[in-house]
Each structure stands twice: as structure tokens, then as C-alpha cells.
Amino acid sequence: MERRTIGAAALEVGAMGLGCMPMSWAYTASQQEGDGSLRAVHSALDQGTSLLDTADMYGPFTNELLLGRVLKKRRHDVFISTKVGLLVGDQHIVANGRPGYIKRACDASLRRLQTGVIDLYQLHCADPEVPVEETWGAMAELVAAGKVRALGFSAIGARAGRRTGARMHDETLLQLRRVQQVFPVSCVQAELSVWSPDALDALLPWCAARGIGFMAAMPLGNGFLTGTLTPGQGFEPDDVRARHPRFTADMMAANQPVVAGLRRVAGRLGATPAQVALAWVLAQGPHVVPVPGAKKERWVVENAGAVRLRLAAADLAEIAALPPARGSWD
């Protein structure tokens with residue numbers, strides 16, 4: 001598989017990553033099955049995917065435990081990325097960026113992952129009650145201690161904090177400028193897909209100008225861009241899509257032209273809509289690594305195949321001309 005570089009530290013990873021959250025949390029609990037997920041991870045590694053993206057909150061903790069079983073056997077094949085800074089309660093999620101907590105959480109993640117070092121340690125969310133410089137400083141100390149190789153900054157959920165009249169990632173960029181003064185940011189993770197291209201506006205160029213890697217989260221639009229979902233099919237109550245404004249029956253129907261456009265391009269290239277959607281993300285820059293979430297072997301194999309797909313200028317222009325995705329936030 002093609003290799004790509006994350007950040008000034010020149011950390012190399014396979015061009016296609018694997019988002020591991022669906023294996024343990026947030027998506028269709030009835031289809032989460034440990035042995036099947038382990039097969040999916042091993043298959044991804046066999047395909048050349050090396051970046052495995054997780055977080056201590058996924059489960060919570062169970063996703064790191066799952067990946068620990070893989071790292072114990074195949075540590076040399078894995079670039080492990082995990083996140084810190086969010087605590088999961090019974091009915092809520094809260095941020096905790098206190099330095100003491102960050103250090104304890106890192107030690108706990110290392111134990112669960114069964115490794116001596118985390119390749120990329122990401123701040124999942126800045127704590128509004130703690131200066132982000134203090135949190136980032138504690139994370140930098142983990143690098144100095146040899147427990148972490150590089151630091152990343154997650155901008156997932158930026159839409160929820162969007163201010164009137166502001167671009168989606170304005171607040172993220174402000175925080176990034178602040179933490180850059182403390183310790184270098186190696187990678188930024190944010191949503192980027194054909195139906196959520198907001199990062200192209202300012203965040204992706206900011207990273208490119210500074211040699212910072214970009215991890216594209218949800219590059220398949222939470223599964224919508226695969227073309228395998230049916231409007232009105234419904235989702236299990238604990239599935240994040242059951243509350244997502246683009247997954248109501250009306251909005252899924254309204255956004256079918258996006259999938260139809262991907263199908264047209266895929267038909268010409270002998271690919272799947274998912275592979276075209278991922279190839280579009282890969283085409284946004286050599287510093288971009290998509291991390292599609294998957295929990296089944298056939299999906300990780302299909303996703304890895306997108307790295308070999310090259311979209312021509314005409315293909316990219318056709319995708320750019322597709323109608324923007326609609327949702328209740330629009």
C-alpha cells in the first residue's frame with residue numbers, strides 16, 4: 001500500500017487508515033462481535049493499512065482492550081492512534097483536560113493496548129474549564145517521557161460548537177495556534193467527506209502549509225456514501241445515526257443524488273461508491289489519511305482497495321458538481 005507521512009516527525013502510515021470505534025461503540029450494537037472485529041483488524045493490516053484509530057472513551061475502554069489483543073501479536077505492523085480528554089457517563093459525555101488526569105489516562109491506555117508507546121496521542125476535545133495549553137503541556141511531557149511519539153488534535157464535532165457567522169473550524173484553528181506554541185502538532189483529525197467538505201475551507205490548507213498530517217474522519221459519511229443504506233430503514237436506538245440530522249428518512253431520500261453521482265463514477269472505473277468516496281478524500285492532498293470506520297473484514301478489504309483508485313480531473317469535477325448534502329442544520 002502507498003505510504004503517507006504524518007507531521008514533521010515524518011511518521012509513516014499506510015494511506016488508508018482504519019477507524020475502530022464501530023467495533024465497540026456508537027454503531028449498531030447487535031452487529032458488534034469481537035472475533036469478527038479481530039479478523040477485520042488483522043485483514044486490514046494484511047492489506048497494508050497500519051493506522052488504527054481508537055480512543056479510551058470507545059466502549060468506554062473496550063475498544064482499546066480489543067486492539068491490545070492485536071498489538072500483543074503484531075505491534076510492528078501497527079501505528080496506534082488513541083485519544084484522551086472525554087469521559088463517558090451513563091447519559092452524558094464530559095471533557096477532562098486536567099494534566100493529572102491526562103497522565104493517568106495515558107498510563108491506562110498503554111496497559112489496555114499492551115504496548116510501551118502510543119504512536120499518536122490525540123486530544124479528543126479541549127476542556128472549557130482548563131486552558132488548552134495546560135492540557136497540551138501535559139501531553140508534551142508524555143512525549144518527553146517516551147510514552148507517546150507524537151501529538152494530535154481532534155476537531156470531531158466542530159459543527160455542534162459552530163458560532164453564528166463563523167466558519168466551522170474557526171475555534172479549532174484558534175486552539176491549534178495556541179497549542180503549537182507549546183509543542184508541535186503532528187496531526188489534526190476532523191470530518192472530511194464528499195458530503196461534509198467543510199475542512200477544505202481553512203483547516204486542511206492550514207495543516208498543509210505547516211506540514212501537519214490530516215486524518216479524515218467519517219470519510220464515508222457514517223456509511224451513507226457506501227450506497228448500502230436505504231432511506232427510512234431505521235437504526236438501533238444506540239446507533240449515533242438514529243439522532244443524526246442527515247439520517248432521517250426525508251434527508252436520506254433528499255441526499256440520494258450524492259450517492260447516485262458516486263455510483264456513476266464508480267461504474268466507469270469498475271469500483272464501488274465507497275471506493276470513489278475514499279479516493280476523493282485521498283486526492284485532497286498527500287498529507288491526508290482517511291480513517292473509515294469498519295468492523296467487518298469485507299469492508300476493510302474494499303476500503304483498502306480505494307488506495308489503488310486514481311480519479312481523473314473529470315471525475316473530480318463531476319463529484320464537485322454534485323449537490324451539497326442537506327440536513328436539519330442547513
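Q: How many disulfides does the count come to?
A: The count comes to zero disulfides, where a disulfide is a pair of cysteine sulfur atoms within 2.5 Å. This is a predicted model, in which local features need pLDDT of at least 70 and side-chain atom pairs count only at pLDDT 80 or more, while totals for chains, interfaces and linings use all residues. Residues are numbered from 1 along each chain as its sequence is written, and side-chain values use heavy atoms, with hydrogens and water left out.

Q: Which cysteine sulfur is nearest to that of Cys106?
A: The nearest is that of Cys187, 17 Å away, and Cys106 is in no disulfide. Cys106 is also buried, with a relative accessible area of 0%. Buried means under 20% relative accessible area, exposed means over 50%, and partly exposed lies in between (1.4 Å probe, protein chains only).

Q: And where is the closest cysteine sulfur to Cys207?
A: It is in Cys187, 7.6 Å from the sulfur of Cys207, which is too far for a bond. Cys207 is buried, with a relative accessible area of 0%.

Q: Changing topic, how many helices and strands are there?
A: The protein has eleven helices and twelve strands. Helices (H or I, at least four residues) and strands (E, at least two) are DSSP runs, numbered from the N terminus.

Q: How does the radius of gyration compare with the globule rule?
A: The radius of gyration is 19 Å, close to the 20 Å that the rule gives for 330 residues, so the protein is as compact as a globular protein of that length. The radius is taken over C-alpha atoms, and the globule rule is 2.2 Å times the number of residues to the power 0.38. Along its principal axes, the C-alpha trace spans about 50 × 45 × 40 Å.

Q: What share of the residues is buried?
A: Buried residues make up 55% of the 330 residues.

Q: In what order do the strands of the open sheet run?
A: Eight strands form it in the order E3-E4-E5-E8-E9-E10-E11-E12, with parallel pairing. Two strands pair if DSSP finds at least two bridges between them. Strand E3 (18–19) and strand E12 (288–291) are the edge strands, each pairing on one side only.

Q: How many bridges join E9 and E10?
A: E9 and strand E10 (residues 187–191) pair in the parallel sense over three bridges. Ser154 stands opposite Gln189 in E10.

Q: What about H4: how far does it reach?
A: Helix H4 (residues 132–144) has 13 residues and reaches 18 Å from its first C-alpha to its last, close to the 18 Å expected. The expected span is 1.5 Å times one less than the number of residues. Just after H4, Gly146 takes a positive phi of about 80°.

Q: Which residues of H4 are buried, and what covers them?
A: Among the buried residues of H4 are Val132, Trp136, Met139 and Leu142. Their cover includes strand E5 (79–84), helix H3 (99–113), strand E8 (118–123), strand E9 (148–154) and helix H5 (170–180).

Q: Then what does H5 pack against?
A: The buried residues of H5 pack against H4, E9, E10 and helix H6 (203–209). Those buried residues include Asp170, Leu173 and Val179.

Q: Is Thr172 in H5 buried or exposed?
A: Thr172, found in helix H5, is buried, with a relative accessible area of 8%. Leaving aside its neighbours within four places in sequence, Thr172 is in contact (heavy atoms within 4.5 Å) with Phe153, Ala155 and Leu203.
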